[in-house]
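Colleague: Could you zoom in on one part of this model for me and go through it slowly? I'd like the surroundings too, with cut-offs spelled out as you go.

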Amino acid sequence: MPTVSPERGQPPTAYAFAGHVIDLARESLWRNDEEIRLRPKSFLVLKVLVENSGRLISKAELHDQVWGDAVVTDDAITQCIIDVRRALDDDDHSLLKTVPRRGYLLDTAVTPHDLKPPTAAAPNAGQASSSKVMLFVLLFGLLAIPVVTKLRSPPATAPQTNAIAVLPFVDMSAEGDMAYFGDGLAEEIIHLLAQTTDAKVIARTSSFSFRESDADIARIRDQLGVSHVLEGSVRKAGSSIRVTAQLIDAQSGAHLWSDTYDNELTDAFAAQNEISRQVASRLSSNLQPIAQQSPANINGEAYRMFLEAKHLLNNGSHDGPKMLELLQGSLAIEAHYAPAWRELSRLQWRDVMFDFYPEFDTQFSDIVYSLDRAFAANPDDPGTLSYRAWHQMEFHHDPIGAARLFERALQLGPYDEDVIRTAIQFSIAIDDGEAAVSLGQRGERHNPLCMLCSYNLGMAYLASGRTDEAVAAYQRHADLFGGAHGHRGITLLVAERPLEAIEAFKHSQLEKSWQLFGQALAQYALGNRQAFDQLREEFLGTPGERHEWNQAAIYAWTGQPDAALSILERLIDQPTGTDKPAPDYRAVISTAMQLRNPLYHSLHGHPRWDALLTDLGVSEAQLAGAQLKLSSLPE
């Protein structure tokens, strides 16, 4: 077979490194004769690292070279790095190294390579179908959320007295394999401080947005509005671990307290309770007892496995078998450890939605069983309560029971970002827009750099008919993270501002069919029928994951209710995209959120519309008494 060589004076089109070959022309990675599948952005991250082998690449440089002017979260880069390491079998991070707070380094020799043309590769069996991906995405928004968000510089926020940000503890181990422990340590301290003091504790998403950044304390203070910052590090040496923590006055930069804890790895979590107590005593005179089931009361190895599994799950790892092994191992030692059961239910949910993990087969009943075990072990865990509330609505079509569980979750975890997010979505699904707004405002106050918080608040304002405030919330989202232009466009349409809507849709980074859809509606609102017809035809000819929902919206917007309702009835009667058995599973909350879309307002009052809501279990009569009672929540 002939080989492909670079022309004289031309840059190589392929490189060899560490037993692999990267083909830049075909955007593929090979090990011997086997193609290793990578997502497009993960491939581009690898390309940048290969072309700069031996040189430290910062996250900012990766942002610029891979995403350009588009904006993405640091989590997107982290996921790409995880993908690349998995593709290279670099489990010990010896090949692709993380330099804490600085960036990444591909530490290997790279040489130009003469490449034989590869044969076509089979589709990736582990890739999720669009219907399952969309069902999962619908849990997080009224319409499909664009995968964007590189944090931009937010406006300064006045520091609040007794407000603290807990940064992820930096992994200083030589092997670079303790990030899971540093994250878990910080997250548990956040949880304990929120439980034991009256201080304002910034949520994980905002605090962790400074991971591996070079932000100084003053910038963190200004962006989060905090008076104190807790930072630290973890360093493993053999079976021992050293945890260092320091509390900093964010105004002066002075160190108020610091300490170092040396423990065996399986006992190191005991440091987090002591750190929490020391910090709490300096922040608040109102100290509550540490939660009964603190990690100090469980086996150290069980806790270590739990933290590692949770870290993988939070960072989007596709290594389901490893997470399952870790969680089952933790539960084999501590059969009544509620957080491990809760995280197992999250993993099982992902298995059902995505079929990522052919090595094990999850039934919906397994998810319910795991949640039941988590609830039995700790009925006061806010996360478990909110997941249980969600499933009470989804599996049992019981909005009143779900509402009471959400209220309990919010009482116990009034600042928990996952609880707030799911409660907002539930409130929108049951047509309680004011509760959604109240929760959205709470989420933004306590999690100012959270992408989903500003998005959810815009969604809540829109659901309650407060379009001007929705536009402003989506604009804040765009200013901080980019994106949300399509959702702002929908809101501007509803607010009868079609010219502004057209501009918003032009800037949208959603798929092309979605842009065509939005611009078509705006042209119809302007009375430009020829432009509308042309854009609609282009939209119908362009594939997209939101195609049928948006097609129904076009019919509703243009006064064709029967055509719109026929599509919606079919969508609601369709299976969720999985053949796994479940008791009449219809994704009630996410589907009801779709139906609250104001683009469908012209259908309200139609007999078929009322029947549709009744069939789904969210008619006005069925939702009587399901509204959330939020008046007793603390600020």
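**A close look, from the outside in**

Modeller: The protein has an accessible surface of about 26,200 Å², and 49% of that belongs to carbon and sulfur atoms (Shrake-Rupley, 1.4 Å probe, with only the protein chains shown as cover for residues). Keep in mind that this is a predicted model: local features need pLDDT of at least 70, side-chain atom pairs count only at pLDDT 80 or more, and totals for chains, interfaces and linings use all residues. Numbering starts from 1 along each chain as its sequence is written, and side-chain values use heavy atoms, leaving out hydrogens and water.

Of the 635 residues, 54% count as buried (under 20% relative accessible area; exposed is over 50%, partly exposed in between). The protein has 26 helices and 13 strands (DSSP runs of H or I, at least four residues, or of E, at least two, numbered from the N terminus).

The part I'd pick is helix H20, residues 498–507, where Pro498, Ala501, Ile502, Ala504 and Phe505 are the buried residues. These sit on the same side of H20 because they cover an arc of only 165 degrees around its axis (taken from the directions from axis to C-beta atoms). Turn to the face pointing away from that buried side and you find Leu499 and Lys506, both exposed. As for what the buried residues of H20 pack against, that's helix H19 (485–494) and helix H21 (512–525) (contact is heavy atoms within 4.5 Å).

Phe517 has a place in the wider picture: along with Phe426, Leu568, Leu595, Tyr600 and Trp609, Phe517 is among the residues with the most contacts inside the largest nonpolar core, which has 98 residues (buried Ala, Val, Leu, Ile, Met, Phe, Trp, Tyr and Cys joined through side-chain atoms within 4.5 Å). Helix H17, residues 451–463, gives this core the most, namely 9 residues. There's also a second, separate core of 46 residues, with Tyr180, Leu193, Ala280 and Leu327 among them. Back at Phe426, leaving out residues up to four places away in sequence, the ring's owner touches Met393, Pro399, Ala402, Ala403, Phe406, Ile589, Ala626 and Leu628.

For a contrast in secondary structure, strands S12 (240–249) and S13 (255–264) pair antiparallel over 9 bridges (pairing takes at least two DSSP bridges). One of the partnerships joins Ala245 to Asp259 in S13. Their hairpin has 5 residues between the strands, and Gly253 takes a positive phi near 80 degrees there.

Key
Buried < 20%, exposed > 50% of the residue type's maximum accessible area, 1.4 Å probe, protein only.
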